[in-house]
Amino acid sequence: MSGARRWIAGAALVLCAGLATALTPPADSTYDEFLVGDGAAAAGRTLSASLTGATFARTVVSSDGDWRADGHWLIVELTASAPRSEVDAEVVLATLHVGGTVFQASERVPDTLAKRQLRVGTDTAGVLVFELPDDVTDGTAQVRLSTAYSTPQLDDVLVLSLPLDDLPAASLVELSEPMVGTR
Amino acid sequence: MRAGARRLVRALRDPSSIPLWIAAVAALAVAVPFVAFGGLDPATRAPLPRGTGDAVRTSLYEVTVLHAELTDKIEEQYLSADDGEDLLVVTAVIENLSDVPVGIVQTVDRVRSRLAGSSTPLIDLVGVEATSGPSAWRDESVAAVVLQPRVPAEVRIAWPVPEGSFPDGSVAIDVYDAVAQGGQVILSSSAITWQRTEPAARVTVRVDP
């Protein structure tokens with residue numbers, strides 16, 4: 001092997017080693033959550049849910065009229081149920097992923113589906129409400145649902161995709177309590 | 001000696017030393033502005049003095065202190081001061097400039113923002129030792145406050161402090177800059193901690209009794 005070839009082979013090996021290092025997932029990724037579903041409906045180990053609608057609103061009012069707030073709100077309508085067990089069957093962590101930013105269903109809003117007991121075999125229809133900056137109006141968002149307080153390890157997270165581009169925008173949306181059994 | 005100096009002058013005037021002159025001028029062109037614009041100043045900087053209603057922007061969040069008052073009871077939050085203590089309630093607008101939701105006192109999902117109520121809080125009372133951990137809430141709060149990315153939120157933070165902590169009628173609050181650090185040793189690499197760095201500003205606010 002001539003001197004030049006030796007150098008080229010050495011450089012190629014170093015590049016390969018760098019590539020292998022870059023492509024190796026981090027050790028912690030063996031504990032990552034499992035993202036389940038990519039359409040309007042998804043079913044996982046602890047939850048199943050489907051999107052039924054979504055609206056932007058400037059003002060949100062609670063069902064009893066006691067609470068109202070202005071802002072840029074996204075109201076996501078969905079139905080959810082428990083696939084196997086009603087123990088701990090509730091949407092606890094609901095996030096909206098859009099353009100690299102993550103929002104959490106607002107803790108300010110009453111009457112939402114968050115932390116409601118879900119039933120096996122019977123859908124509960126309700127809303128999740130997200131408070132967003134004014135410029136979040138387009139693109140495709142993902143609604144991610146799980147039953148844990150923080151993103152679980154080695155467990156399912158439902159992913160529902162929600163195109164924001166053609167959503168209706170209302171000036172005021174009055175919320176209503178979640179309803180069990182809409183089928 | 002004089003012969004050496006003469007030889008040096010002759011060498012410097014020689015056409016072959018022109019590259020040396022160009023290099024020297026280039027080095028000066030970099031060095032002079034560097035020094036003139038403060039390149040050799042000490043790296044630490046004093047926190048900027050700020051007052052009521054001034055926004056303090058750090059790399060991860062922005063805070064505007066609106067109001068501070070002393071009280072002994074906040075009924076809707078079931079908070080009350082012990083004997084010999086007061087509650088210092090600070091009203092502020094906080095905007096989360098990161099791209100994930102964070103809490104003020106609590107951890108939200110996998111992010112520990114530690115804005116208040118840790119051993120190294122980002123919003124810290126100066127010269128006053130809170131007797132126990134602070135609470136944070138919004139007007140309608142029933143759950144822990146979550147600051148959504150880029151959505152300013154008006155929040156209240158209450159610290160229990162010894163009575164008579166503010167003899168001059170004002171409180172100073174240090175606002176620290178922070179960096180988001182991933183991968184704490186015990187937690188997984190997906191956990192993020194806001195680690196405080198330099199003080200960004202010292203906000204001085206009148207305390208209403």
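**Strand pairing and overall shape of a two-chain model**

Modeller: S3(B) and strand S6 (residues 85-96) of chain B run antiparallel, and 10 bridges join them. The model is predicted.

Colleague: What makes S3(B) and S6 of chain B a pair?

Modeller: Pairing requires at least two bridges between two strands. S3(B) and S6(B) have 10, so they count as paired. Within this pairing, B:Thr71 stands opposite B:Leu87 in S6(B).

Colleague: Which other strand runs antiparallel to strand S3 (residues 61-71) of chain B, and how many bridges join them?

Modeller: Strand S2 (residues 55-57) of chain B does, with 3 bridges to S3(B). B:Arg57 faces B:Glu62 in S3(B). S2(B) and S3(B) form a hairpin, and 3 residues lie between them.

Colleague: How do you know that S3(B) and strand S14 (residues 192-208) of chain B pair, and do they run parallel or antiparallel?

Modeller: 2 bridges join them, and at least two are needed, so they pair. These strands run parallel. One of the bridges links B:Ala68 with B:Val207 in S14(B).

Colleague: How many helices and strands does chain B have?

Modeller: Chain B has 2 helices and 14 strands. Chain A has 1 helix and 11 strands. Along the sequence of chain A the helix is followed by the strands, in the pattern α-β-β-β-β-β-β-β-β-β-β-β.

Colleague: How do you know what span helix H1 (residues 2-13) of chain B should have?

Modeller: At 1.5 Å a residue, the 12 residues of H1(B) should span 16 Å; the end C-alpha atoms are 17 Å apart, and therefore the two agree.

Colleague: Why is H1(B) called hardly covered?

Modeller: A residue is buried if 20 or more other C-beta atoms lie within 10 Å of its own. Among the 12 residues of H1(B), the count that meets this is 0, so the helix is hardly covered.

Colleague: What part of each chain is buried?

Modeller: By that cut-off, 33% of the 183 residues in chain A are buried. For chain B the figure is 31% of 209 residues.

Colleague: How do you know whether chain A matches a compact globule?

Modeller: A compact globule of 183 residues would have a radius of gyration near 16 Å, but chain A has 22 Å. The C-alpha trace of chain A spans about 85 × 40 × 25 Å along its principal axes. For chain B, with 209 residues, the globule value is near 17 Å, but the chain has 26 Å. Its C-alpha atoms fill a box of roughly 90 × 45 × 30 Å. The radius of gyration of neither chain follows the globule rule.

Colleague: What share of the contacts in chain A join residues at least 24 apart?

Modeller: Counting contacts between residues at least 6 apart in sequence, 74% do in chain A. In chain B, residues 24 or more positions apart account for 67% of the contacts with a separation of 6 or more.

Colleague: How do you know which residues of chain B are in contact with chain A, and how many are there?

Modeller: Two residues are in contact if their C-beta atoms lie within 7 Å. By this cut-off, 18 residues of chain B are in contact with 17 residues of chain A. The side of chain B that touches chain A has 8 nonpolar, 4 polar and 6 charged residues.

Colleague: What confidence does the predictor give?

Modeller: The average pLDDT of chain B is 89, and 96% of the residues score at least 70. The complex has an ipTM of 0.87 and a pTM of 0.83. Where pLDDT is low, the predicted coordinates should not be read in detail.

Terms used: Residues numbered from 1 in each chain as written. Chains lettered and ligands numbered in written order. Predicted model: local features only at pLDDT ≥ 70, side-chain atom pairs only at ≥ 80, totals over all residues. Helix = DSSP H or I, 4+ residues; strand = E, 2+ residues; numbered from the N terminus. Rg over C-alpha atoms; globule rule 2.2 N^0.38 Å. Nonpolar A, V, L, I, M, F, W, Y, C, P; charged D, E, K, R; others polar. Expected span 1.5 Å × (residues − 1). pLDDT = per-residue confidence, 0-100.
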